[in-house]
Amino acid sequence: MLVPKHKVLIVRCDAYDPERIAGIVKQGMQELGARPSGRILLKPNVVIAHPRRFPHAFTRREFLDGVISAVKARAENVKEIAVGERSGIVIPTRYSFKQAGYLDVIKRHKVKAYYFDESRQVPVRLSKPGRLRDNVYVPQPITECDYLINLPKFKAHPWCRVTFSLKNFIGLQDDRHRLVDHNLFLEHKIADLQEVIEPKFIAIDGIIAGQRMMLTPTPFPLGAIVMGTNSCAVDTVACHMVHIDPKDVAHLRFAAERGYGPMSLDEIEVAGDFPLEEVQERTQSFEICFERIDDYFRDDGNLTCTVGTFPEEHSPDYCWGGCPGALQEAMHIFKTFYPEPEKRMKRIRYVVGKVAGPLDLEGDERVIFAGNCTSWEGRIGGDAVKIESSYKTASAVDERRTRSHDMLLKMSKALWNCARKRSSRYIRVTGCPVSVAEHLHYLSTLGKIKNPNLEPRLMSMVYIAYWRMRISRFLNRFLRITLR
Ligand code: SF4
């Protein structure tokens with residue numbers, strides 16, 4: 001019997017014009033037979049957003065605007081249309097939605113916003129062979145929706161190579177659960193999340209794509225909207241659009257192996273008005289950053305990295321899902337605030353993994369021992385130093401008993417740790433992973449450069465959003481009342 005191929009559309013669109021986007025997406029839905037109904041939830045990528053500092057990190061407001069118009073035109077028997085997301089690096093999603101310009105769009109279309117960091121988190125039982133865990137926690141609106149529409153941003157990613165439809169599911173989880181397995185098991189975690197719910201329609205914002213980093217990508221005018229109804233098929237085509245072999249994207253490989261969809265173009269019908277070959281011609285210079293930190297910071301001023309070995313058999317040479325990538329993103333965040341932080345900072349050695357032998361430090365060089373898996377023994381400035389690993393493998397971490405990762409708590413802990421060790425030559429930073437925000441604190445303290453986390457204008461707005469989030473979370477979780 002002939003198995004029908006999954007269809008993926010690549011359609012030209014070179015401007016953030018909501019009307020044009022609405023027309024393209026409506027036509028795409030027709031061609032793919034997508035007919036939203038019931039409780040419809042749109043999941044964009046708003047990992048971080050700011051019109052000036054992070055303009056290319058998130059699904060653009062005009063894109064969301066156009067998709068909502070298309071959904072309204074195509075939908076039937078609608079009970080609710082909502083937009084839901086959890087931003088990254090512990091920033092309240094309310095703040096990110098405001099910075100992304102979503103609040104006007106949501107208000108104008110009279111749809112609902114779900115801030116997943118304020119929602120009740122409910123366990124979902126997993127059963128697929130090959131899963132990492134038996135349960136994952138997701139926000140209640142995800143378990144209640146009838147029709148999930150995934151709206152990723154087309155971006156490179158320093159941890160996973162790329163982020164398209166499958167990877168966008170990391171934004172389903174709140175901070176308490178998001179950082180569980182966000183380490184050597186990140187790619188397995190992404191595959192696990194696919195069992196919670198399958199999107200029924202996917203539209204990737206590839207009008208201006210993001211290169212290299214995921215929080216601070218450089219723009220690339222790709223001029224495309226990619227649409228489909230299967231995440232693996234859409235991600236496979238998106239990989240080929242930027243010359244990546246889908247087999248090299250581990251979460252796509254895992255998802256395909258677990259039966260979520262294809263990862264071969266032979267099983268996909270690629271259509272639309274933008275031929276794949278022409279896209280590939282345009283993306284000859286598209287930049288991916290998938291580099292180890294000891295190479296990445298080799299010639300980069302006063303930060304050098306010593307990378308050891310790692311405690312899981314599937315990736316003993318490097319941890320692609322945790323601390324090293326967070327260091328890269330943190331250094332790029334400094335750059336959005338002022339130029340050349342790597343030259344302004346005092347000399348820092350960043351040590352991660354199990355490291356043996358002397359570090360051969362420069363006279364004034366200070367050391368960050370980052371992450372629970374890090375161990376080292378030797379002398380620093382004449383003192384004997386012993387750093388021991390406290391790493392726990394996935395099966396030893398109980399996802400039901402996780403830490404809150406509250407923004408204020410994390411910040412207080414990091415600042416206290418920095419104050420306590422301000423005159424020491426080294427600092428031990430625990431966590432698996434150590435987050436991007438924590439990296440900013442430690443690098444700025446040891447390197448004596450300005451801390452973007454403490455920028456007054458930025459922080460005053462983040463704090464207002466933080467307290468609204470806390471109040472709303474309380475009302476939502478215990479009294480079932482939602483603040484607008
Ligand atoms: S501590 Fe950091 S580097 Fe080590 S396994 Fe965990 S996330 Fe990876």
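At what angle do the axes of helix H1 and helix H2 cross? In this predicted model, local features need pLDDT of at least 70 and side-chain atom pairs pLDDT 80 or more, while totals for chains, interfaces and linings use all residues. Residues are numbered from 1 along each chain as its sequence is written, and side-chain values use heavy atoms, with hydrogens and water left out.

The axes of H1 (residues 18-32) and H2 (residues 61-74) cross at roughly 45° and come within 7 Å. The two helices are therefore oblique to each other (neither under 35 degrees, over 145 nor 65 to 115). Their crossing is right-handed. On the H1 side, the contact (heavy atoms within 4.5 Å) includes Pro18, Ile21, Val25 and Met29; on the H2 side, Phe63, Val67, Ala70 and Arg74 are among the residues involved. By class, this contact has 10 nonpolar, 3 polar and 4 charged residues (Ala, Val, Leu, Ile, Met, Phe, Trp, Tyr, Cys and Pro count as nonpolar, Asp, Glu, Lys and Arg as charged, and the others, Gly among them, as polar).

On to the ligand: 14 residues surround it (a heavy atom within 4 Å), and the closest are Cys319, Cys323, Asn372, Cys373 and Cys432. The shell has 9 nonpolar and 5 polar residues, with no charged ones.

As for ring pairs, the structure holds 13 aromatic ones (centres within 6.5 Å; planes under 30 degrees apart are stacked, over 60 edge-to-face, the rest tilted). Phe154 and Phe164 form a tilted pair, 4.6 Å centre to centre with 55° between the planes. This pair links strand E8 (residues 153-157), home to Phe154, with the loop between strand E9 (161-163) and helix H6 (175-178), where Phe164 sits.

Definitions and conventions:
Axes are lines fitted to C-alpha atoms, for helices over the stretch in contact, and angles run from 0 to 180 degrees between N-to-C directions. Helices (H or I, at least four residues) and strands (E, at least two) are DSSP runs, numbered from the N terminus. A crossing is left-handed if the near helix is turned anticlockwise from the far one by less than a right angle, and right-handed if clockwise. Rings of Phe, Tyr and Trp (its six-membered ring) pair if their centres lie within 6.5 Å; planes under 30 degrees apart count as stacked, over 60 as edge-to-face and the rest as tilted.
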